[in-house]
Amino acid sequence: VYFHAAIGQTLAFVFYPLVLSGIYNIIYKDESKWYLLTIGMTCLLLSHVISTLLMVLLIASLVILNLKTLIKENKRFIRLFKATLTTIPLVIFYLAPMIEQFSYQDLYVMNKPLFKLSENTLSIKNLLLYTLFTNPYSATIGILSATYLLIYLKNWKKLSKSSKHLVSISLFCCLGTTNLFYWVLLDNTFVNNIQFPWRLFS
């Protein structure tokens with residue numbers, strides 16, 4: 001990210017903790033702090049759209065994994081719905097023109113994308129090498145994050161339900177950056193706007 005001078009994506013990193021704190025509280029802890037999700041998602045969208053799409057996928061995954069809980073404790077689901085409805089008016093000034101442009105113009109970047117997801121995957125070997133030997137030219141979670149992930153996996157039985165969910169999603173995202181995932185099936189779909197599978201590291 002820093003090597004590519006991706007200012008928007010770098011700025012998005014600032015708001016990841018706020019979004020995660022918001023959705024974590026809504027699903028697992030104090031749902032009265034739903035406003036954290038609204039503030040975080042608003043700032044995230046205004047920073048980097050692709051990062052926002054990835055975060056929406058993460059939130060959707062957590063909602064699916066906790067669907068029974070959300071239905072049983074409907075106040076949590078209501079808070080999530082409230083956070084969503086509150087966010088939309090705050091970002092509509094940005095979203096509306098963007099949607100209008102995508103809807104009524106034949107954009108080159110959409111019809112002939114410069115990047116294909118399947119062409120930017122990592123092999124398992126490179127994933128391990130880049131993780132162990134981090135450098136500015138390679139996308140990786142880094143040795144520290146990888147170590148934490150291994151520790152969590154080793155102590156799986158001791159983890160809370162929320163930790164198990166987050167570790168599972170993290171592991172899936174890491175594997176999703178490799179050629180084990182059939183990104184070629186998504187090369188000609190809307191998902192290709194992600195451009196690079198290594199964005200899942202974020």
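How many disulfides does the count come to? In this predicted model, the count is zero. A disulfide would need a pair of cysteine sulfur atoms within 2.5 Å. For C173, the nearest cysteine sulfur belongs to C174 and lies 7.1 Å away, so C173 is in no disulfide. The surroundings of two cysteines can be described as well. C173 has a relative accessible area of 18%, and because this value is under 20%, C173 is classed as buried. C43, with a relative accessible area of 24%, is partly exposed.

C43 also leads to the first of two helix pairs considered here, as C43 is one of the α2 residues in the contact between α1 and α2. Two packed helices are described by the angle between their axes and the distance between the axes. Helix α1 spans residues 7-27 and helix α2 spans residues 35-47; the two pack at an angle of about 160°, and their axes are 8 Å apart. Because angles over 145 degrees count as roughly antiparallel, α1 is roughly antiparallel to α2. The crossing of α1 past α2 is left-handed. On the α1 side, the contact is made by G8, L11, A12, F15, Y16, L18, V19, S21, G22, I23, N25 and I26. On the α2 side, the residues taking part are L36, L37, I39, G40, M41, C43, L44 and S47. Sorted by class, the residues of this contact comprise 14 nonpolar and six polar, with no charged residue.

What lies in the loop between α1 and α2? E31 has its place there. With a relative accessible area of 11%, E31 is buried, because this value falls under 20%. Leaving aside residues up to four places away in sequence, E31 touches N25, I26, K75, R76 and R79. Of these, N25 and I26 also appear among the α1 residues that contact α2.

The second pair joins helix α3, residues 49-65, with helix α9, residues 161-176. Their axes come within 11 Å and cross at roughly 135°, and α3 and α9 are therefore oblique to each other. Here α3 passes α9 in a right-handed crossing, whereas the crossing of α1 past α2 is left-handed. L58, S61, L62 and L65 of α3 meet H165, L166 and I169 of α9. This contact holds five nonpolar residues, two polar residues and no charged ones.

Conventions
Residues are numbered from 1 along each chain as its sequence is written. This is a predicted model: local features need pLDDT of at least 70, side-chain atom pairs count only at pLDDT 80 or more; totals for chains, interfaces and linings use all residues. Side-chain values use heavy atoms; hydrogens and water are left out. Buried means under 20% relative accessible area, exposed over 50%, partly exposed in between (1.4 Å probe, protein chains only). Axes are lines fitted to C-alpha atoms, for helices over the stretch in contact, and angles run from 0 to 180 degrees between N-to-C directions. Helices (H or I, at least four residues) and strands (E, at least two) are DSSP runs, numbered from the N terminus. Angles under 35 degrees count as roughly parallel, over 145 as roughly antiparallel, 65 to 115 as roughly perpendicular and the rest as oblique. A crossing is left-handed if the near helix is turned anticlockwise from the far one by less than a right angle, and right-handed if clockwise. Contact means heavy atoms within 4.5 Å. Ala, Val, Leu, Ile, Met, Phe, Trp, Tyr, Cys and Pro count as nonpolar, Asp, Glu, Lys and Arg as charged, and the others, Gly among them, as polar.
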